[in-house]
Amino acid sequence: MNACEPVSTSADFWLSSGHHLLDRNDDGCVMVTDEFLKAYLARPEMIPPPEACIAEQTLHAALLSNPREPVAPAQIAAIETQAAAPGTTPLSFWFSENNDMLGGTPPSRQLWIIDAKTGAQRRVAVDSYSYGGPATDHDPSWSPDGSKVAVVRQPTALYGDFQEAQYVSIEIVSGTVRVLNDEKIFAPPQTTPPAFSADGRLATVHTWDNQFGSREDVFVDNRNVSADFDHDFWSCSQTRMAWTGDRLLASTMDGVDLRLYAFSIDGSAPVALTPTGGSVDAFSGAPNHVVYVAYSTPEKPDEIYRIGADGSMQQLTHRHALPNDLTLARTSFPTWSDGHGHTLIGQFTTAASVKPPLLIELHGGPQCADTSAFSPFAQYFATNGYSYFRPSPRGSDGYGDWSYKAIVNDWGPGPMADVMAGIDAVAAAQSVDSKRLFLYGASYGGYLTSWIVTHSDRFSAAVAAIPVTDMLLHYTLTQSPNIQRRFFGQKPIADNLDVLMDQSPLRHARSLHTPLLLVAGLKDTQAPYTQTIEFFKVLREESKDVALLAYPNAGHGPDDPRGALDWTAHIAGWFAAHGGISINDAKLPPINR
């Protein structure tokens, strides 16, 4: 007589029960298999939550790899000891030099493999690193034979820890990790991730000379394939990269255009696939050298285009066909000299009226130049009567390595000189009212706005949103102190304190004579809002015409579409209240502020 009662076929059971993963002995009785145990351990209720302690995560990963591995009492005790602590927030923690003003370290991200057939999951690399980069999860890239993946990792998930990032490959079966770069690399957050080609080549992006303040180049198997092409392949996190057959496609800023280039691995010069006067937002390539791109211009929103092997560009979609009675402002690309042998460029969107006021927008970063993509913000102000100028001063991407080097120890005076020269060039060539100039900037643009209006009385009014105004306080509290390390040295406080203080708009507050609106997001850890409040109070003590608009739920910019519309309406209202144009949906500041 059998010791068990044989059961019917797998067809009589739900697939999710895992019955199909079981085996039978010679008597026909069901036997538990490793695959069944792994699938059970991979069920949602069995996976440790993100806040689980390292001991629990490590044990779970080990059991997923070998579900019959004996579990020692000490392994259970390690979990119970940590779980016994009351509450989810520790009473104290060790602060690092890369912690922001909120202090906490976000949970590390780990690399897991999911079996598409069984749903079984297991952690591939069991170590203390955080995988995928600090700002967003970077997609791992599979090798052609499926035996390994390439990915970026760093010591913790702290934003500031990207200075210690590594490119690694991980063997899927063994979990063996191999560092891909022989030397220390610098790859800022949201650098395009590593990418395997179909024949096993690996493309990566990092600074060309492994120095923190340099442009990023494209490497294939650690060989620099863009060394003679002086373009930055970070482009303020906008660069994307993908293999298509034997070519590598990568986007990069070229002046103000985000253009797509094709690299051949034979060492020949890269070929531009998209024209000037517009920017690519996304792309996908086929092995036959046909490429599809999402592309827009200042007057035409995104559409999908087909770029043939012969370079021809054919529009495929018309989903943004605009009404015939909708007037769009035209954009040109003025250039001028920085006085040191470099040609600078900007975007000038023309209002239809005669002698309109000129609104100047300063970009963030400090590298993040506005692309030539369609800009609703520029169209909103230009079609409501402001000519709209967006200069790209020194420090902007799109110029090459010299541009970044030009703002080392110089965030204020040099870029201000370029902006003022650009305004002069536009005023000389275009019909604008030079006596009605308005200045707006956010993030680094907010810093440069604050710097300019504390060093010039040329503007009718200004708006500095989410600005840096106190360089020392900013470095102390921000989630990304690396930005200042990039331009003011690895030890800005110890080695460069005088420069930080002198280039802080706060120090020059008494020189402000321009009505200034400050905008702060009260959840901002990128340009911590505390310095905006500090600047506001100092200016109020000096009896300056200043107001502070605060958004409780906003971080480093508007938190949702409604917030973005409100943000824009307040900017328009501030300018209208100080000699600008009255726009219907503008929100005027209170009279008694």
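## Close-up views of a predicted model

**View 1. The largest nonpolar core gathers 45 residues.** Let's start on the inside of this predicted model. The residues with the most contacts inside this core are L358, I360, I423, I452 and L516. Helix α7, which runs over residues 444-453, supplies the largest share of the core, with six residues. There is also a second, separate core of 27 residues, and L359, Y380, A547 and L549 are among its members. Here's a handy rule to keep in mind: in soluble globular proteins, nonpolar side chains tend to be buried together.

**View 2. L358 and the residues around it.** Now zoom in on L358, one of the residues with the most contacts inside the largest core. Which residues does L358 touch, once its neighbours within four places in sequence are left aside? The list runs F348, S387, Y388, F389, I423, V426, V432, D433, R436, L437 and F438. Notice that I423 turns up here, and I423 is also on the list of residues with the most contacts inside the core.

**View 3. Helix α7 is mostly covered.** How many of the residues of α7 are buried? The count is 10 of its 10 residues. Walking along the helix, you pass Y444, G445, G446, Y447 and L448, then T449, S450, W451, I452 and V453, and each of them is buried. I452 is worth finding, since this residue is also among those with the most contacts inside the largest core.

**View 4. T469, a buried residue in a loop.** Where does T469 sit? Look in the loop between β28 (461-465) and α8 (471-477). Is T469 buried or exposed? With a relative accessible area of just 1%, T469 is buried, because buried means under 20%. Setting aside its neighbours within four places in sequence, T469 is in contact with S450, S504, P505, L506, Q531, T532 and F535. You have met S450 already: this residue belongs to α7 and is buried too.

**View 5. A disulfide joins C236 to C368.** A search of the whole structure turns up one disulfide, and here it is, with an S to S distance of 1.5 Å. The torsion about the S-S bond is about 50 degrees, so the disulfide is right-handed. The two cysteines come from distant parts of the chain, 132 residues apart. C236 is in the loop between β13 (223-224) and β14 (241-244), while C368 is in the loop between β25 (357-362) and α4 (376-383). C236 counts as buried, at 13% relative accessibility.

**View 6. R215, D217 and D230 are linked in a network of salt bridges.** Side chains of opposite charge can pair when their charged atoms come close. In this network, D217 forms a salt bridge with R215, and the closest N and O atoms are 2.6 Å apart. Are these two residues buried or exposed? D217 is buried, with a relative accessible area of 0%, and R215 counts as buried at 6% relative accessibility.

**View 7. Helix α6 takes part in two salt bridges, through D418 and D424.** The count for the protein comes to 13 salt bridges. D418 meets R394 at 2.7 Å, N to O. D418 lies in helix α6 (residues 413-429) and R394 in the loop between β26 (387-392) and α5 (401-405), so the pair ties together parts that are 24 residues apart in sequence. Both D418 and R394 are buried. D424 pairs with R458, also at 2.7 Å, N to O. This pair links distant parts of the chain, with D424 in α6 and R458 in the loop between α7 and β28, 34 residues apart. D424 counts as partly exposed at 40% relative accessibility, and R458 counts as partly exposed at 30%.

**View 8. Y292, I304 and L316 form a nonpolar patch on the surface.** Together these three residues have about 230 Å² of accessible area. I304 lies in strand β20, residues 300-307. At 32% relative accessibility, I304 counts as partly exposed.

**View 9. Stepping back, the protein has 12 helices and 30 strands.** Buried residues make up 52% of its 593 residues. The protein exposes about 27100 Å², and carbon and sulfur atoms supply 54% of that area. Among contacts between residues at least 6 apart in sequence, 56% join residues at least 24 apart.

Key: Residues numbered from 1 in each chain as written. Predicted model: local features only at pLDDT ≥ 70, side-chain atom pairs only at ≥ 80, totals over all residues. Heavy atoms only, no water. Core = buried A, V, L, I, M, F, W, Y, C linked by side-chain atoms within 4.5 Å. Buried < 20%, exposed > 50% of the residue type's maximum accessible area, 1.4 Å probe, protein only. Helix = DSSP H or I, 4+ residues; strand = E, 2+ residues; numbered from the N terminus. Contact = heavy atoms within 4.5 Å. Disulfide = S-S within 2.5 Å. Patch = residues over 30% accessible without salt bridge, like charges linked within 9 Å, V, L, I, M, F, W, Y side chains within 5 Å. Areas by Shrake-Rupley, 256 points an atom, 1.4 Å probe, with all protein chains shown as cover. Salt bridge = Lys/Arg side-chain N within 4 Å of Asp/Glu carboxyl O.
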